[in-house]
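Biologist: I would like to learn how to read a structure with two chains, step by step. Could you take me through it feature by feature?

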Amino acid sequence: MKFLVTKDLEYSTLIKNLMAGVVFALFFFFLLDVVLHSYVLGLDVSTLSTTLFGNPDEFIEPILLDTLLLQVHIDLFMALFSIMIVASIYIRLHSKKVMTKWLVHALFILGLFTPILLLVAYFTNVWFVTIWLVTFICGHLLAMWMSLLSLKKLLSK
Amino acid sequence: MKNLHLYNIPIAYMLLYIVAILASGVWLFLLSQGLASADILQTFTHIVTTPEPKSLHQFIEVATPHMFAMGTLIFVVAHFMLFSTKVSKKLSLIVSLVLFIVALFNISAYLFISFGLVVSGWIKLLSMTLFVLIFLGMLGLVAFSL
């Protein structure tokens, strides 16, 4: 992040192109992360409930706690780095906008609470599955939107 | 540089994320040692007396991603100390280097158990406790610098 702060974009074509490249890659990371989670956990309340709580009628066992916790552990790590990069570049390019501060707050809060809510859902009930689904989709859409706005600004300069 | 204070937001959230990553990591380790079927004190006793056996394959499977993840995470957190005007560069350097060494010790601790060099699992508990405490200390230094 220090490198993003110290160079002025007006004078460095290299850092501008590097930022465009990483934002482009992260846009597809967020997109594919949704697809990956739909395969691993499911992306509707019914499939998610079956994954987390099992289904005795169809003899489906619930997911093991250590498997879920490993997923949460990895998700937290990946979210930290991907969101840090997107947020830093977004701040660099849109620092004059009033909304920037709130968008960055929203992105980090959604990214942090999404994995935690999955664990809460596992230990409580199906209501938290719905909340997890909403935060997961909103977080990813917000990250993709911020990536696109950054990319637009980088390519238009 | 305009609006530099905005960068405090990602740094502050990073500290929270890392606390969550550390907590989930410790929980995962304790689960692998039988926390699901025993209380926490019994699990600690179990780790010290008879740690769960791990093959070289299982060790490598855990160690490989952690070598990358812990190294990167320590680097990213420690590099924010460059911005600090409240903490000396010497202290930042000492804490960062100690953290790198303890992280390596923590990752490789189970290797000593797997190869029978150490019978008790105290080495893993000690290294993990040291790693978590020093990492929390470094997060505290970054938070203090914000």
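Modeller: We will go from the chains to their helices, then to the core, the interface and some single residues. This is a predicted model, in which local features need pLDDT of at least 70 and side-chain atom pairs count only at pLDDT 80 or more, while totals for chains, interfaces and linings use all residues. Residues are numbered from 1 along each chain as its sequence is written, chains are lettered from A and ligands numbered from 1 in the order in which they are written, and side-chain values use heavy atoms, with hydrogens and water left out.

Biologist: How many helices and strands are there in chain A, and how many in chain B?

Modeller: Helices (H or I, at least four residues) and strands (E, at least two) are DSSP runs, numbered from the N terminus. By that rule chain A has six helices and zero strands, and chain B has five helices and zero strands. Taken along the principal axes, the C-alpha atoms of chain A fill a box of roughly 65 × 25 × 25 Å, and those of chain B a box of roughly 55 × 30 × 25 Å.

Biologist: What does the length of a helix tell me, and where does α5 of chain A have a kink?

Modeller: The expected span of a helix is 1.5 Å times one less than its number of residues. Helix α4 of chain A, with 29 residues, reaches 41 Å from its first C-alpha to its last, close to the expected 42 Å. Helix α5 of chain A (residues 99–123) has 25 residues and reaches 36 Å, close to the 36 Å expected. Even so, α5 of chain A has a kink of about 30 degrees at A:Thr114, shortly before the proline A:Pro115. The bend at a residue is the angle between axes fitted to the seven residues ending there and the seven starting there.

Biologist: Is α4 of chain A largely enclosed or largely open?

Modeller: Buried means under 20% relative accessible area, exposed over 50%, and partly exposed in between (1.4 Å probe, protein chains only). In α4 of chain A, 23 of the 29 residues are buried, so this helix is largely enclosed by the rest of the structure. For the whole of chain A, buried residues make up 50% of the 157 residues, and in chain B 45% of the 146 residues count as buried.

Biologist: Which residues touch the most other members of the largest nonpolar core?

Modeller: A nonpolar core is a set of buried Ala, Val, Leu, Ile, Met, Phe, Trp, Tyr and Cys residues joined through side-chain atoms within 4.5 Å. The largest one here has 90 residues, and those touching the most other members are A:Leu80, B:Met14, B:Tyr17, B:Ile18, B:Phe131 and B:Phe135. Helix α4 of chain A (residues 65–93) gives the largest share of this core, 15 residues. Apart from this core lies another, of eight residues, among them A:Met19 and A:Ile89.

Biologist: What is B:Ile18 in contact with?

Modeller: Contact means heavy atoms within 4.5 Å. Leaving aside neighbours within four places in sequence, B:Ile18 is in contact with A:Leu80 from the other chain, and with B:Leu73, B:Val77, B:Phe135 and B:Leu139.

Biologist: How do I describe the interface, and how many salt bridges does the rule find across it?

Modeller: Begin with the residues: 31 of chain B are in contact with 32 of chain A. Buried area is the accessible area (1.4 Å probe) that two parts lose on being put together, summed over both. Between these chains it is about 3,000 Å², of which carbon and sulfur atoms give 84%. B:Tyr7, B:Tyr13 and B:Tyr17 supply 25% of the area that chain B buries against chain A, more than any other three residues. A salt bridge is a side-chain nitrogen of Lys or Arg within 4 Å of a carboxyl oxygen of Asp or Glu, and the rule finds zero of them across this interface.

Biologist: Is A:Phe59 buried or exposed?

Modeller: A:Phe59 counts as exposed because its relative accessibility is 75%. A:Phe59 sits in the loop between α3 (45–53) and α4 of chain A, and its phi is near 55 degrees, a positive value in a residue other than glycine.

Biologist: What does A:Ala143 touch?

Modeller: A:Ala143 belongs to helix α6 (residues 126–156) of chain A and counts as buried, at 0% relative accessibility. Not counting residues up to four places away in sequence, A:Ala143 touches A:Phe30, A:Val86 and A:Leu107. The C-alpha atoms of A:Ala143 and A:Ser82 are separated by 8.9 Å, although these residues lie 61 residues apart along the chain.
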